[in-house]
Every structure is written in structure tokens, then in C-alpha cells.
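Here are some notes to read alongside the coordinates, set out as numbered points. Please have the structure open while going through them.

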Amino acid sequence: MTSAAALRALHHTPAPGGGPLVLPGPWDAASARAFADAGFPALATPSAGVSASLGYADGEAPAAEMFAAVARIARAVDVPVSADVEDGYGLAPRELVGRLLEAGAAGCNLEDSDRRGGPLRDPREQADFLAAVRAEAGDALVVNARVDTFLRGDADPAPAIARGRLYAAAGADCLYPILAPPPLLAVLGEAVGLPVNALALPDGPPPRELGRLGAARVTFGGGLHSRAMAGVAETAALLAAGLRDGD
């Protein structure tokens, strides 16, 4: 079984003990090894965490550096890795797919708005883009189609469903309605006919509860990197305090 086939199958197989597929978000090779060693069957890089680890704000990392980081992560582990490649960096589908496969990715996130905060893309144009990516990739990539309507403040599920149906028809494997209210996850999944990716937030339901609400897959965005960096900041502050105290 290829890495993409294994990752695709995990979307339709209950996790051990029940619950959704939980994909931690590594930002470098060391964090990827830690998550894989803990037993997670697949990983999903977050653009925010990877960008921060490279010294950039979210959406500002150059494509070459992002693909290089994904390649280091994929080489470090023996589980499938899905890569958040934002809006595709303006690359033609053939080049985008080629660079993902060269990096060792088994899947990708593609969002339907400009990575630097620009407008939502026309849904039919995005569907055409996703269809071209699918045609180039065949079964070699699991395509997670991100829908940004809730992110942009539209609480009505109808636009997300309309976009999701177009993306499903284009060949997407999974729907990612980022920041969708958890009670809507099952509604969205049933209406679109794809597994739904939910974003786990620090003040939101935990992964298992998101699964009960309809999520087949749970990711964390840059949240795990932020938690790790909070620990680093605490260590740095203790070290600095010790130096000031003469210890």
C-alpha cells in the first residue's frame, strides 16, 4: 500500500479505541519524530507552525523553503505526511504536484483564499484547480480541500456546502471547513459527502468529541507549535532569571 493509500484509508477507519483520525502538526523533523514515536499513524504539517520555525509569519514562507521543510519532515518518519501548502503558491498543478511528491508528501491541504489574506477564490475556479491537481496526482495524493467561508465570518453553512460539493466533484478526498462551528460538522459532511477535517482549538471540544460531532479527521493548525514555544519561552525566562540572580 502506498503512503497516500494508507492515509486515505485512515479517513474511513475508526481509530483504535474509537474516535477520528488525529493528525498532529509537526513543524520540523524532531517534532515529527516525537509524534510518530508516540504512535500517531500519520502527520499533517501546519503552514503556520512551519513558517514560524523558519522565521516567517504565517503565509510569508517562500514556497521553496516550505517544500524543503516538508521534505525534511517526511524523511524523518515512516508514517504518511500531509503537507499544508496554503493556496498552492501560484504554482501550476503539474509543478505543485511534482514538488509535493518530490518532498515525499502523501497528501496536501489547499485553501480557497489567498494565503496573505486576500479574497476568497471563485468556487468554480478553485474547483477547476483542484480537478487539475487531482488529474496530475492520480491517487498519489490525498487532497484536503479547505473551505474558508467560516474563517471569513460567514456563519451560514450554505456557501460552505456549495463550495464543498464543487470540490468533491473535482476529486477532493476530504473537506476542511476551517472554524466551522462543531455542531455543523455532521451537517457539512452529510451534505457534501466527504470526510470532514475539524480544527482542534485550545478552548474548543477535544478530538474525540469532535469525532462524535462528525469529524473524521482532526488537525491542530499551528496550535501545537505555539504550545511548544510557550514551553521554550518559560525555560528561557527561568534561565534568564537564574543568570540575573547569579545562579
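**Notes on the model**

1. Leaving out neighbours within four places in sequence, the residues in contact with Pro-123 are Arg-163, Leu-166 and Tyr-167. The model is a predicted one, and this point should be read with that in mind. Pro-123 belongs to helix 6, and it counts as partly exposed because its relative accessibility is 24%. As for its distance from Ala-38, the two residues are 85 apart in sequence, and their C-alpha atoms are 39 Å apart in space.

2. Helix 6 (residues 123–137) also packs with helix 5 (residues 93–103), the two axes coming within 9 Å and crossing at roughly 50°. That angle makes helix 5 oblique to helix 6, and the crossing in which helix 5 passes helix 6 is right-handed. On the helix 5 side the contact is made by Pro-93, Arg-94, Leu-96 and Val-97, which meet Phe-129, Ala-132, Val-133, Glu-136 and Ala-137 of helix 6. Sorted by class, the residues of this contact comprise seven nonpolar, no polar and two charged.

3. Helix 5 has a further contact to examine, with helix 4 (residues 63–76), where the axes come within 8 Å and cross at roughly 35°. Here Ala-63, Ala-64, Phe-67, Val-70, Ala-71 and Ala-74 from helix 4 meet Leu-96, Arg-99, Leu-100 and Ala-103 from helix 5. The contact of helix 4 with helix 5 contains nine nonpolar residues, no polar residues and one charged residue. Leu-96 is listed in this contact, and Leu-96 is likewise listed among the helix 5 residues that meet helix 6.

4. Turning to the strands, five of them form an open sheet with parallel pairing, in the order 2-3-4-5-6. Strand 2 (43–44) and strand 6 (174–177) each have a single partner strand and stand at the edges, so one side of each is left without a neighbour in the sheet. At the strand 2 edge, the pairing with strand 3 (residues 81–84) is parallel and extends over two bridges, in which Leu-43 has Val-81 of strand 3 as its bridge partner.

5. At the other edge, strand 6 runs parallel to strand 5 (residues 142–147) and is joined to it by four bridges; Ala-145, for instance, has Leu-175 in strand 6 as its bridge partner. Are the residues on the two faces of strand 6 buried or exposed? Both faces are covered, since Cys-174 and Tyr-176 on one side, and Leu-175 and Pro-177 on the other, are all buried.

6. Two residues deserve a look for their backbone angles. Tyr-89, which is found in the loop between strand 3 and helix 5, is not a glycine and yet has a positive phi of about 60°. With a relative accessible area of 12%, Tyr-89 is buried, the cut-off for that class being under 20%.

7. Leu-179 also has a positive phi in a residue other than glycine, with a value near 65°. Leu-179 lies in the loop between strand 6 and helix 8 (185–192), and its relative accessible area of 39% makes it partly exposed, whereas Tyr-89 is buried.

Note on methods: Residues are numbered from 1 along each chain as its sequence is written. This is a predicted model: local features need pLDDT of at least 70, side-chain atom pairs count only at pLDDT 80 or more; totals for chains, interfaces and linings use all residues. Side-chain values use heavy atoms; hydrogens and water are left out. Two strands pair if DSSP finds at least two bridges between them. Axes are lines fitted to C-alpha atoms, for helices over the stretch in contact, and angles run from 0 to 180 degrees between N-to-C directions. Angles under 35 degrees count as roughly parallel, over 145 as roughly antiparallel, 65 to 115 as roughly perpendicular and the rest as oblique. A crossing is left-handed if the near helix is turned anticlockwise from the far one by less than a right angle, and right-handed if clockwise. Contact means heavy atoms within 4.5 Å. Ala, Val, Leu, Ile, Met, Phe, Trp, Tyr, Cys and Pro count as nonpolar, Asp, Glu, Lys and Arg as charged, and the others, Gly among them, as polar. Buried means under 20% relative accessible area, exposed over 50%, partly exposed in between (1.4 Å probe, protein chains only).
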